[in-house]
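User: I'm new to reading protein models and would love some help. Could you pick one part of this structure and take me through it slowly?

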Amino acid sequence: MFFAVVAKFIPEPTLTPTADVKSKKRNNDEGGKDMLKKHRRQVLFSGIITAIGISLHNFPEGMAVFLGSMKGPRVGVNLALAIALHNIPEGVAVALPVYFATQSKWQAFKLATLSGFAEPLGVVIVAYLFPTSLSPEILEGLLGSVGGVMAFLTLHEMLPLAFDYAGQKQAVKAVFLGMAFMSASLYFLEVSLPEEMSL
C-alpha cells in the first residue's frame, strides 16, 4: 500500500491519442511517431517505478546478507549467492524498459546499477547503526514489507508490460517458471543452511 502511494507521485503518461481519425489519416507517419514517443515515455516511467521499487526491495536484503555473514561465512556466502541469482532478473527488469524507451545502453545500465546500490547501502547502514545485532523482528518486518513492494511491482508494472510484448500465455508461463525456480532455490538454500538459520 505504501509503494502504491509512492507510485502515485511519479507522473505516468497515458497512451490516449488526442488527434481525431481524419487528421490521423492525413498525418499517418506523424501520428505513428507521436504514439511511439508517448509509448516509449510510458515504458520509461514504468522502468523508473520498477527501479525505485527494487531499490526499496534491495535495501533490507543487504542487511540480511550482513547479519547472515555474522553467523558464519557459510551462511553469508549461501545468502549472498541466492540473492545474487535473483538480482539478475531484477536488473534486467529495470534495464530493458529504460533501454527500449531511451535506446541508450548507458542509461539502462546506469539506472539498473543505481537500483542495485541500495543493497550495499543496507550493509553499510546496518554495520554502523547496529554493529552487534539487529532485532530479528525488525528485519522480518522489513523483508515482509519489501515482499509486498515486489508483489505490487509485478502486478502493476511488470505483468502489463509482459502481456503487451510477450502475450498473455507466454507471460503466465514465465511467471510460473520463475516461481518454480525461486521455490527450488529456496529449498536448496534451506537445506544448505545450518539449522539455526533455516528459513
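Analyst: Happy to help; here is a close look at helix 7, followed by a short visit to two helices that come before helix 7 in the numbering. Keep in mind that this is a predicted model.

Let's start with where to look. Helix 7 covers residues 136-166. As you follow helix 7 along, you reach a bend of about 40° at T154. Just after helix 7 comes G167, and its phi is positive, near 90°.

Now, which residues of helix 7 are buried? They are L139, V146, V149, M150, L153, E157, L159 and L161. To make sense of the spacing in such a list, it helps to know that an α-helix has 3.6 residues a turn, so residues three or four places apart point the same way.

One name in that list deserves a pause: E157, which sits in helix 7. E157 has a relative accessible area of 3%, and buried means under 20%, so E157 counts as buried. What does the side chain of E157 make a polar contact with? Its partner is the side chain of S46, at 2.7 Å.

Finally, the short visit. Helix 5 spans residues 105-116 and helix 6 spans residues 118-129. Their axes come within 5 Å and cross at roughly 25°. Angles under 35 degrees count as roughly parallel, so helix 5 is roughly parallel to helix 6. Where they meet, helix 5 brings L114, S115 and G116, while helix 6 brings A118, E119 and P120. Sorted by class, that contact has 3 nonpolar, 2 polar and 1 charged residues.

Definitions and conventions: Residues numbered from 1 in each chain as written. Predicted model: local features only at pLDDT ≥ 70, side-chain atom pairs only at ≥ 80, totals over all residues. Heavy atoms only, no water. Axes fitted to C-alpha atoms, helices over the stretch in contact; angles between N-to-C directions. Helix = DSSP H or I, 4+ residues; strand = E, 2+ residues; numbered from the N terminus. Parallel < 35°, antiparallel > 145°, perpendicular 65-115°, else oblique. Contact = heavy atoms within 4.5 Å. Nonpolar A, V, L, I, M, F, W, Y, C, P; charged D, E, K, R; others polar. Buried < 20%, exposed > 50% of the residue type's maximum accessible area, 1.4 Å probe, protein only. Polar contact = N/O pair within 3.5 Å; in protein donor to acceptor, adjacent residues only side chain to side chain. Bend = angle between axes of the 7 residues up to and from the residue.
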